[in-house]
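Me: Please take a close look at the salt bridges in this predicted model. Which residues pair up, and are they buried or exposed?

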Amino acid sequence: MRQKDSKNLLKLDRKILLVAVSLVSVVLIIFLTSFLKAPPNYYELTGFTLGTYCRIVVSSRKGSKVLAQVIFNELDRIYKKFNPNDPASVISRINASNDWVDIDEETFALLDAAVRFSKLTNGAFDPTLGELIRLWGFDKIAEAPPSRVPSLKEIEEALKHIGTDKLELDFQRRRVRLLNGAKLDLGGIAKGYALDRAYQVAKEVDKDCTGFVEAGGDIRILGPKFGSRPWVVGVRNPRQSDAAIAYLYLTSGAVATSGDYERYFEVGGVRYHHILDPKTGFPARGAISVTVVADNAVTADALSTAGFVMGTDWEYVVLEFPKFGGNVLMVTDDGSIRRSPAMVVYEQSR
């Protein structure tokens, strides 16, 4: 009887051993699959849209090349839809009308966001600068740089057609109307919206894709590099194009920079750039570069423009803008660098 019990116990021990070996094998396979797999390859696509050169760097197990093209197509769609210089765009249709214009949900949401950022920044961000931008000639800068400074009389006249009080949104019937000759220009927010749409379409195709999308220096992160590492974003020295004043380490979110060094002309040794102050009608003074880090590109884009316009009040910008969702790195016109307190988090390698 004792000999029979010993045999049964021996069989039981062997079964336990087999189960244990199987479990260890499974755990080992999972470990090797998770930690020793090859890093994903990144596909890079560059092209011209949004009025600038765009760069898409993406990795997707569902096809990086195809996904990059899907993202570029979406950027180009947004550009054509909201380009005020394109006669077929919705912005041109609104600007040409003196009456209510029915618009689609996407356009209505973007205009509503533009008005909200204008109110949030006390009008420093203004989507109705179309007439003033045309007066200075910055609407055609891609074709030829402006060559003259408008007269005070011309600027005073243009300022009469500016302000979100001249932009009416009908939430019941989803339509818009411009008053007193106001003209829309969404240059300070449409690029950010395009980058956020790029993120959305990318995640709809592959929620696990990683990479980033860059448009004229503004960047939307799609996911951490190789799934875990931060992307390193250099903040350009506004007076030395091949040097950086800081490096940002981002695994998510967006970063946008507004500066006086890309689109400008000089008359009599004075630089006149394209970021116009809605209060004076002249290029904003006080800052030469404003970089904003935010959870999304619309916020980063709008706040970088508003922060630049409010450059003479840099204390307010660096301390209050984080409450609006954006941390700020500003270079004032004397070369000083001003930071929101939390900006240091993004400047540390993690």
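Reply: The predicted model holds 24 salt bridges. Three pairs are worth going through one by one.

Start with R197 and E74. Their side chains meet in a salt bridge, at 2.8 Å from N to O. R197 sits in helix α7, residues 190-205, and E74 in helix α2, residues 64-82, so this contact ties together parts that are 123 residues apart in sequence. Both ends are out of the solvent: R197 is buried, and E74 is buried too. The pair also does not stand alone. R197 and E74 belong to a network of salt bridges that links them with R77, K81, D104 and E106.

Next, R239 and D260. Here the closest N and O atoms are 2.7 Å apart. This salt bridge links distant parts of the chain, 21 residues apart. R239 is in the loop between β8 (231-237) and β9 (240-250). D260 is in the loop between β10 (254-259) and β11 (264-267). The two ends fall into separate exposure classes. D260 has 4% relative accessibility, so it counts as buried, the cut-off being under 20%. R239 has a relative accessible area of 45%, so it is partly exposed, between the 20% and 50% limits.

Last, K207 and D208. They form a salt bridge with the closest N and O atoms 3.4 Å apart. K207 is exposed, and D208 is exposed as well.

To recap the exposure: R197 and E74 are buried, K207 and D208 are exposed, and R239 is partly exposed while its partner D260 is buried.

Note on methods. Residues are numbered from 1 along each chain as its sequence is written. This is a predicted model: local features need pLDDT of at least 70, side-chain atom pairs count only at pLDDT 80 or more; totals for chains, interfaces and linings use all residues. Side-chain values use heavy atoms; hydrogens and water are left out. A salt bridge is a side-chain nitrogen of Lys or Arg within 4 Å of a carboxyl oxygen of Asp or Glu. Helices (H or I, at least four residues) and strands (E, at least two) are DSSP runs, numbered from the N terminus. Buried means under 20% relative accessible area, exposed over 50%, partly exposed in between (1.4 Å probe, protein chains only).
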